Amino acid sequence: MISALHIEHLHKSFAGTPAVRDLSLTVSPGEIFGLLGPNGAGKSTTINMISGVCRIDSGTVRVFGHDNCTERCITRRLVGVMHQEIVTDNFFTIDRALRIHAGYYGVPRDNSWRELLIDQLGLGPHLHKSMNSLSGGLKRRFMVAKAMIHKPRLLILDEPTAGVDVELRRNLWDFVREINRDGVTVLLTTHYLEEAEQMCGRIAIMNHGELIALEETSRLLARIEGRHLQVTLEHPLQEVPAELHDLQPALRESGQMLHLVLEAGQGAGAVLRRITDLGIEVGDVETLRPGLEEVFLHLTGKRPDNGQAGGK
Amino acid sequence: MKRFRQPEKFVAWLPFATLLQKEVRRFLRVSFQTLLAPIVTASLYLFVFGATLGERISVMEGFSYAQFVIPGLILMGVITNSFANTSSSLFISRYLGNIVDLLVTPISAPQFIFAYTLAAMLRGLLVGSAVLGISTFFAELPWVHPFATLVMAALASFLFAQFGLIAALHANTMDALSMFNNFLIVPLIYLGGVFYPISILPPFWERLSHFNPMFYIIDGFRQTILGVGDVPLIVSFSATFAMALALFCWAALLIGRGYKLRL
């Protein structure tokens, strides 16, 4: 079966600094695939190389079997991309800009699809407003519509929900699931890891331009075993006492939150007694199932929003 | 039946037509700045040199000063507006980042160049035609070779549309872009014989003027209207054609390679 996206030994440097190093991955048709990593990991550069905004130093990108460099006219039509940065042409209204973008792809007029997009993304009341009068969230929704206007078979969404309110975020993901059921392959990046957990069948994690993990989401989550204990402290800690180091401690929220990993069979009560015996006052306690955020922290040492993990 | 299905047919000419239409809409949306302002400026030149000072100046035997200066003013409108259209549009797209809207689409480099160029030519020729219309209030022109006039105007417009693309790709700031116009095009136009025939200059300056590319464009264009010029028409036409071809190749090379467009 032909892959929706096949990347082989992709490499890109800017002024001698590698941004993407020897990246190889394959996305199957019909998948919702997550590409995660901290800021500067190389996700957007990879997306830019797939979409043709960025030149490829070495390696290949194939979209549904077509080479991105030698068959660019075909691959451009197969890919729809929503870039992370909001870019609009302030000369035009949403309505005009969508018509222009469809025309760039040579797509004959398809009013029903256009109207469906406008409806699903809640753009109807704003159709005749000029771009510079739109809020950031509206601009982002417009960019999603623009990426889909030519009915791509591979849809790339780079942080599509940043700055979008909760209801619209839910509508957007419902819509993405719907078109995915109709056969559209989706590659997405997001800083909302719970979204990636819920949406993606497989997830790749990049760090410093390299691929450091690529697995089914459930397997990736299984990498972190045991329960997690989140302890809210009455007084912030500067440093985790050495007596707790066997619990893989991480200090968060400026030392106000202590995150610990409990091994199988280890009781939360015993751990709490150890903490209070050290003279640390506990305000609140919560046990957590390990999520993608923990996997992310474990693999990259960073939170997805680029904050450093607090463990000392 | 699935409602999401990639279109089976793509219209090959549609990307080009859409980009051309978008570029035309762009300058029409700000027509006070892109059409009306240059027409007003040219009209003021016509008034100053045609109706007031012109009556006291004589530079070419058999023609009034207004008759002499009108072809140059028409061409100046064509040239500066063709240049301004491609240079500002492409530079702003680069500057604001919305050039990615084109880079992710199947638009080819030739489609890109010709769409930008044709829109710029349309703006240049619209301004030129308006100046021509207004000039009829100041002087009557003999129109010796009207078809050649059109060809020279189109060629000059094409040439400066290419130059605008090149300038937009090389400039990194708005300031740098304005330098192309203020320190290159305008001085070369003014010294290229819009307001005087180079034959009235002292020998050294006359010889130097032959190295000004603008001189051939202006002289050739004027010759198609008045029938007289400083160099034979074939020389002016050939020089203009060669420059247009050279700049087109340069622009095509830059855009084909994605110079300062693709990261």
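Here are some short exercises on a predicted two-chain model, each with a worked solution.

**Ground rules.** Residues are numbered from 1 along each chain as its sequence is written, and chains are lettered from A, with ligands numbered from 1, in the order in which they are written. As the model is predicted, local features need pLDDT of at least 70 and side-chain atom pairs count only at pLDDT 80 or more, while totals for chains, interfaces and linings use all residues; side-chain values use heavy atoms, with hydrogens and water left out.

**Exercise 1. Describe chain A as a whole.**

Solution.
- Step 1: Start with the secondary structure. Chain A has ten helices and 14 strands (DSSP runs numbered from the N terminus: helices are H or I with at least four residues, strands are E with at least two).
- Step 2: Add the dimensions. Taken along the principal axes, the C-alpha atoms of chain A fill a box of roughly 70 × 45 × 40 Å.
- Step 3: Look at burial. Chain A has 312 residues, of which 54% count as buried (under 20% relative accessible area; exposed is over 50%, partly exposed in between, with a 1.4 Å probe and protein chains only).
- Step 4: Check the contact range. Among the contacts in chain A with a separation of 6 or more, 68% come from residues 24 or more positions apart (contact means heavy atoms within 4.5 Å).

**Exercise 2. Characterise the interface of chain A and chain B.**

Solution.
- Step 1: Count the participants. Chain A gives 41 residues to the contact and chain B gives 36 residues.
- Step 2: Find the area. About 3800 Å² is buried between the two chains, and carbon and sulfur atoms give 60% of it (the accessible area, 1.4 Å probe, that two parts lose on being put together, summed over both).
- Step 3: Count the polar pairs. The rule finds 13 residue pairs in polar contact across the interface, both residues at pLDDT 80 or more (N or O atoms within 3.5 Å; within protein, one must be able to donate a hydrogen and the other to accept it, and residues adjacent in sequence count only if both atoms are side-chain atoms).
- Step 4: Locate the elements. Those that give two or more residues to the side of chain A that touches chain B include strand 1 (5-14), helix 3 (94-104) and helix 6 (166-181) of chain A.
- Step 5: Sort by class. That side of chain A has 20 nonpolar, nine polar and twelve charged residues (nonpolar: Ala, Val, Leu, Ile, Met, Phe, Trp, Tyr, Cys and Pro; charged: Asp, Glu, Lys and Arg; polar: the others, Gly among them).

**Exercise 3. Which salt bridges cross the interface of chain A and chain B?**

Solution.
- Step 1: Set the totals. The structure holds twelve salt bridges over all chains, and the rule finds two across this interface (a side-chain nitrogen of Lys or Arg within 4 Å of a carboxyl oxygen of Asp or Glu).
- Step 2: Take Lys22(B) and Asp89(A), whose side chains meet at 3.7 Å, N to O. Lys22(B) lies in helix 1 (residues 14-29) of chain B and Asp89(A) in the loop between strand 6 (79-82) and helix 3 of chain A, so the pair joins two chains. Both Lys22(B) and Asp89(A) are buried.
- Step 3: Take Lys146(A) and Asp101(B), which meet at 2.8 Å, N to O. This pair runs from helix 5 (residues 136-148) of chain A to helix 4 (residues 100-103) of chain B. Both Lys146(A) and Asp101(B) are buried.

**Exercise 4. Trace the network that includes Arg26(B).**

Solution.
- Step 1: Arg26(B) forms a salt bridge with Glu23(B), with the closest N and O atoms 3.9 Å apart.
- Step 2: Arg26(B) and Glu23(B) are separated by about one helical turn because they are three residues apart in helix 1 of chain B.
- Step 3: Arg26(B) is buried at a relative accessible area of 6%, and Glu23(B) is buried at 0%.
- Step 4: Through shared partners, salt bridges join Asp89(A), Lys22(B), Glu23(B) and Arg26(B) into one network.

**Exercise 5. Explore the nonpolar cores.**

Solution.
- Step 1: The largest nonpolar core has 153 residues, and those touching the most other members include Leu5(A), Met148(A) and Phe112(B) (a core is a set of buried Ala, Val, Leu, Ile, Met, Phe, Trp, Tyr and Cys residues joined through side-chain atoms within 4.5 Å).
- Step 2: Not counting residues up to four places away in sequence, Met148(A) touches Trp113(A), Leu117(A), Leu155(A), Phe175(A), Val176(A) and Ile179(A).
- Step 3: Another core, of 15 residues, lies apart from the largest, with Leu233(A) and Val271(A) among them.
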